[in-house]
Amino acid sequence: MATMTAPIADTKHIPGGSFLITDPTAADCFFPEDFTDEHKQIAETTANFAINEIMPASDKIEAKDFSVTRRLLKEAADLGLTAIDIPEEYGGLEMDKMSSAIVAENISKQASFSVAFSAHTGIGTLPLVWYGTPEQKKKYLPKIVSGEIVSAYALSESTSGSDAVNARTKAVLSADGRTYTLNGEKMWISNAGFADLFTVFAKCAIPDGPDAGKEKLTAFLIERGTPGFTQGKEEHKLGIRGSSTCPLILTDCAIPAENLLGEVGKGHHIAFNILNVGRYKLGNAAVGGGRMALNNGIRYAIDRKAFGKSISEFGLIQEKIANCATGIFVGGAVCYRTVGLIDKALAGIPAEDKHNTKEIQKRIEEYAVECSIVKVWASEMLDMVVDEVLQIFAGYGYVEEFPAERAYRDARINRIFEGTNEINRLIITGWLMKSAMSGKLALMPAIKKLMDEVMSGPSEKIEREGPLADEQNLLANAKKLTLFVAGAATQKYMQQIADQQEVMGAIADMIIEVFAMESAILRAEKIAAGNPAAGQGSEASAIPIAMARLYADKAMSTIELSARKIIAAVAEGDMLRTQLTILRRLSKHDSADTISLRRQVARHVIQAGKYSL
């Protein structure tokens with residue numbers, strides 16, 4: 001693959017989290033329909049590699065033959081797939097984040113290898129790219145690009161998974177300042193069985209300044225073979241069995257002081273900033289895995305005969321296929337919209353600062369909410385897809401010889417990876433609340449305005465046009481309802497709202513559904529606008545519109561239920577009745593004919609024999 005940068009379309013900068021209080025248009029958003037020719041080439045190259053090289057080796061990968069995994073990582077490197085996020089001066093391609101997201105989606109046809117690849121190219125490599133010294137980068141990055149060495153990321157411990165900053169592993173600087181000695185144990189480390197270079201986090205005493213003597217999280221680079229560094233036994237897992245997952249044991253493990261990564265006590269910055277990237281890439285991988293699973297389900301449904309005809313003709317099977325196809329369509333919208341926002345923010349960095357790590361992190365962190373939304377939504381979408389596909393296979397779905405069984409097991413880890421979905425829900429609401437309180441995001445004025453509006457009675461309905469006008473009205477009310485409920489909860493709990501995790505989680509569910517609903521509608525509108533000659537009744541436009549309508553109906557139901565849950569917790573008596581009246585007003589809508597819409601979507605993908613737009 002040649003060195004290239006595939007820039008996204010020039011859209012205006014949209015602040016992170018602002019989707020709740022603004023009305024972006026389809027032109028403001030980047031979707032798969034906006035891929036450049038270079039993006040399409042990357043997708044095709046990656047997909048062909050996955051189909052022709054990775055999938056035939058699947059049995060050996062699942063049997064933990066890590067020599068096969070390493071060989072395939074080297075072959076991926078030969079294609080340039082490991083070089084996308086690495087600067088050119090170290091042999092990388094230094095492409096946009098869209099390109100690396102496209103690779104994550106298309107390489108995910110074999111989940112165990114996808115995990116190994118993502119651990120190597122993402123969380124295993126980016127800490128070095130962003131925080132490494134020039135000497136560290138020169139020493140390791142060219143070997144990572146070429147596939148000569150494989151990297152891994154060691155953050156979690158048995159007592160500090162989600163609470164990573166409270167790690168027990170410790171690093172002590174020698175009296176002469178030449179070495180650090182580490183003691184402790186890391187758990188659930190991907191690629192641990194065969195990786196050569198590890199980013200390891202440990203508590204380390206800050207040498208000077210106001211926090212002198214305090215032990216804070218710090219990152220270090222440790223090579224395999226370092227005395228005192230050993231790996232434990234391979235974990236035998238429910239899914240992704242072909243990936244390597246081992247504990248790492250550090251017993252008086254002495255490393256050169258120059259192996260410190262970043263600054264002492266700043267390890268939490270490395271951990272959290274890297275996880276934002278890991279989250280959106282996980283979302284793309286989930287979309288790719290969902291497409292693979294659905295395609296298997298469609299082929300099986302077409303071939304399977306019962307009661308004298310293909311089961312793909314049965315309404316309840318079509319319903320499952322349509323739900324899966326809609327999930328994948330919305331997943332593509334949610335994921336690539338988020339990566340497009342990040343790429344646009346990064347493209348705005350002046351040329352002289354394009355390698356300024358702090359500026360890069362600042363611009364990615366701005367979209368921490370969207371990254372967490374992608375992670376939660378896509379991982380739960382994938383779980384829905386593999387569950388429905390297994391049901392389509394019925395008894396055969398429970399048998400190892402058929403593809404549905406492994407996909408079902410492999411998908412489950414995604415709700416735990418990169419911060420559990422529970423933690424990410426708290427991040428979504430907490431980040432927005434913090435931004436609102438600080439004035440960074442104008443949420444508080446929007447909530448106050450909305451509160452005044454809804455308490456004064458029904459407002460005049462805005463007339464919209466187009467095939468998704470009703471869904472746009474639904475979306476507008478969904479945003480109002482989310483702001484209203486968030487305001488009611490904030491009034492009730494004030495600064496203690498962070499202690500009300502159930503309320504925080506339910507608000508997050510509403511926020512997630514607003515973003516997903518809006519993404520689906522805008523993507524469908526962009527596709528329809530791109531087919532003006534064919535018109536909205538054409539197949540090219542009708543299927544995306546049908547999927548957007550299906551999803552909007554489902555999302556509004558989730559939003560209404562979450563709102564009811566929160567209102568019941570924060571109000572009582574007359575106030576409860578008043579707020580429930582407002583809820584009913586904002587959630588009132590005519591139900592779509594979801595049976596006809598699902599049949600329309602199912603017939604389209606069944607006729608194509610795969611997920612297709």
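Is F35 buried or exposed? I looked it up first, in what is a predicted model. F35 is buried, at 15% relative accessible area.

**Entry: the F35 ring**

I then asked what the ring of F35 pairs with. I had counted the aromatic pairs beforehand, and there are 14. One of them joins F35 and Y336. The ring centres sit 5.1 Å apart, and the planes make an angle of 80 degrees. That makes the pair edge-to-face. I checked where the partners sit. F35 belongs to the segment before helix 1 (37-54), and Y336 belongs to helix 9 (residues 315-347). The two are 301 residues apart in sequence, so the pair ties together distant parts of the chain. Y336 is buried too, with a relative accessible area of 2%.

I also noted a ring cluster. Ring pairs link Y300, F393, Y396 and F402.

**Entry: helices 9 and 8**

Y336 led me to helix 9. I counted 33 residues in helix 9. From first C-alpha to last, helix 9 reaches 47 Å, close to the 48 Å expected at 1.5 Å a residue. Helix 9 is mostly covered, with 27 of its 33 residues buried.

I ran the same check on helix 8 (residues 267-303). Its 37 residues should span 54 Å at 1.5 Å a residue. The end C-alpha atoms are 53 Å apart, which agrees. How many of the residues of helix 8 are buried? I found 29 of the 37, so helix 8 is largely enclosed by the rest of the structure.

**Entry: the whole chain**

I stepped back to the chain. I logged 19 helices and ten strands. The C-alpha trace spans about 75 × 60 × 45 Å along its principal axes. For 613 residues, a compact globule would have a radius of gyration near 25 Å. The chain has 25 Å, so the value agrees with that expectation. Of the 613 residues, 57% count as buried.

I looked at contacts next. I took those between residues at least 6 apart in sequence, and 77% of them join residues at least 24 apart. The accessible surface comes to about 25600 Å². Carbon and sulfur atoms hold 52% of that surface.

**Entry: nonpolar cores**

Which residues touch the most other members of the largest nonpolar core? I found Y180, L182 and I321, in a core of 198 residues. Helix 16 (residues 501-529) gives the largest share of this core, 17 residues. Another core, of five residues, lies apart from it. Its members include A26, C29, A333 and L522.

I listed the contacts of Y180, leaving aside neighbours within four places in sequence. Among them are A171, V172 and L173. C204 and F220 are also in contact with Y180. So are C253, A254, I255, A257, L260 and V264.

**Entry: V389 and R409**

I picked V389 in helix 11 (residues 368-393). V389 counts as buried, at 3% relative accessibility. What does V389 touch, not counting residues up to four places away in sequence? I found A293, L294, G297 and A404. I also took a distance to I595, 206 residues apart from V389 in sequence. Their C-alpha atoms are 19 Å apart in space.

R409 is in helix 12. I expected nothing in advance and checked the cover. R409 counts as buried, at 11% relative accessibility. Not counting residues up to four places away in sequence, R409 touches L238, G239 and R241. A592 is 183 residues from R409 along the chain, and 34 Å separates their C-alpha atoms.

**Entry: positive phi**

I turned to backbone angles last. Most residues other than glycine have a negative phi. I noted two with a positive value.

F307 has phi near 55 degrees. I placed F307 in the loop between strand 9 (305-306) and strand 10 (309-310). F307 counts as exposed, because its relative accessibility is 82% and the cut-off is over 50%.

E418 also has phi near 55 degrees. Where is E418? I found E418 in the loop between helix 12 (403-411) and helix 13 (421-438). E418 is buried, because its relative accessible area of 18% falls under 20%.

Notes:
Residues numbered from 1 in each chain as written. Predicted model: local features only at pLDDT ≥ 70, side-chain atom pairs only at ≥ 80, totals over all residues. Heavy atoms only, no water. Helix = DSSP H or I, 4+ residues; strand = E, 2+ residues; numbered from the N terminus. Buried < 20%, exposed > 50% of the residue type's maximum accessible area, 1.4 Å probe, protein only. Phe/Tyr/Trp six-rings, centres within 6.5 Å; stacked < 30°, edge-to-face > 60°. Core = buried A, V, L, I, M, F, W, Y, C linked by side-chain atoms within 4.5 Å. Contact = heavy atoms within 4.5 Å. Rg over C-alpha atoms; globule rule 2.2 N^0.38 Å. Areas by Shrake-Rupley, 256 points an atom, 1.4 Å probe, with all protein chains shown as cover. Expected span 1.5 Å × (residues − 1).
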